[in-house]
Amino acid sequence: MVYTLRGWWKECVCNASRFGNHRLWLAAYPDIQPTERPGFGGWLRWQFFHYKGNVRFAGGVVDLDLFGGDQKALAEL
């Protein structure tokens with residue numbers, strides 16, 4: 001699994017597509033929507049989507065993650 005930002009991948013890895021067969025954990029910085037296709041690196045979809053959350057915990061705000069599948073797919077992973 002590859003965890004990355006869209007901009008970082010495009011700039012620092014020259015938008016290489018040779019990792020497109022690995023699952024993608026997409027960090028949403030700057031703000032992108034989870035409905036968007038990755039649009040880089042050969043990925044057609046993300047497996048996990050990491051974004052700035054608004055859930056308060058322990059005196060702060062925590063980030064959140066979405067899984068791009070159902071409960072069965074998550075259990076299999």
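This is a short conversation about how features of a predicted model earn their labels.

User: Let's start with the sheet. What makes β1 and β4 the edge strands?

Analyst: Happy to begin there. The open sheet has four strands in the order β1-β2-β3-β4, with mixed pairing. Strand β1 (2-5) and strand β4 each pair on one side only, and that makes them the edges. Neighbouring strands of this sheet are turned against each other by 35 degrees on average, with direction ignored.

User: How do you know that β2 and β3 are paired?

Analyst: Two strands count as a pair when there are at least two bridges between them. Strand β2 (residues 24-27) and strand β3 (residues 48-57) have three bridges, in the parallel sense, so they pass that test. You can find one contact by eye: A27 stands opposite H50 in β3.

User: And what joins β3 to β4?

Analyst: Seven bridges join β3 to β4 (residues 60-67), and these two strands run antiparallel. With at least two bridges as the requirement, they are therefore a pair as well. To trace the register, look for V55 opposite V62 in β4, and for R56 opposite V61 in β4. The hairpin of β3 and β4 has two residues between the strands, and A58 takes a positive phi near 50 degrees there.

User: Which residues in the loop between α1 and β2 have a positive phi?

Analyst: C14 and N15 are two to look at. C14 has a positive phi of about 55 degrees although it is not a glycine, and it lies in the loop between α1 (6-12) and β2. N15 is found in that loop too, with a phi near 55 degrees, again a positive value in a residue other than glycine.

User: Why is N15 called partly exposed, while C14 is called exposed?

Analyst: The label exposed needs over 50% relative accessible area, buried means under 20%, and partly exposed is in between. N15 has 33%, so it is partly exposed. C14 has 66%, so it is exposed.

User: How do you know that C12 and C14 form no disulfide?

Analyst: The two sulfur atoms would have to be within 2.5 Å. The sulfur of C12 is 8.4 Å from that of C14, its closest cysteine sulfur, so the gap is too far for a bond. From the other side, C14 is in no disulfide, and its nearest cysteine sulfur is that of C12. The structure as a whole holds zero disulfides. As for exposure, C12 has a relative accessible area of 46% and is partly exposed.

User: What makes the contact between E76 and K72 a salt bridge?

Analyst: The rule asks for a side-chain nitrogen of Lys or Arg within 4 Å of a carboxyl oxygen of Asp or Glu. For E76 and K72 the N to O distance is 3.7 Å, so the pair qualifies. By this rule the count comes to one salt bridge. Both residues lie in helix α2, four residues apart, which is about one turn of the helix.

User: Are those two side chains buried or exposed?

Analyst: E76 is exposed, with a relative accessible area of 60%. K72 is exposed with 60% too. Another residue of helix α2 is Q71, and its 71% makes it exposed, because the label needs over 50%. The C-alpha atoms of Q71 and W25 are separated by 17 Å, though the residues are 46 apart along the chain.

User: Last one: what makes L77 part of a nonpolar surface patch?

Analyst: A patch member needs over 30% relative accessible area and no salt bridge, and nonpolar side chains are joined within 5 Å. L77 has a relative accessible area of 42%, so it clears the area cut-off. By its exposure label, L77 is partly exposed. L77 makes the patch together with M1 and L74, over about 270 Å². Along the chain, L77 is found in the segment after α2 (71-76).

Key
Residues are numbered from 1 along each chain as its sequence is written. This is a predicted model: local features need pLDDT of at least 70, side-chain atom pairs count only at pLDDT 80 or more; totals for chains, interfaces and linings use all residues. Side-chain values use heavy atoms; hydrogens and water are left out. Patches are made of residues with over 30% relative accessible area and no salt bridge: like charges are joined within 9 Å, nonpolar side chains (Val, Leu, Ile, Met, Phe, Trp, Tyr) within 5 Å. Accessible areas come from the Shrake-Rupley method with a 1.4 Å probe; for residues, only the protein chains shown count as cover. Buried means under 20% relative accessible area, exposed over 50%, partly exposed in between (1.4 Å probe, protein chains only). Axes are lines fitted to C-alpha atoms, for helices over the stretch in contact, and angles run from 0 to 180 degrees between N-to-C directions.
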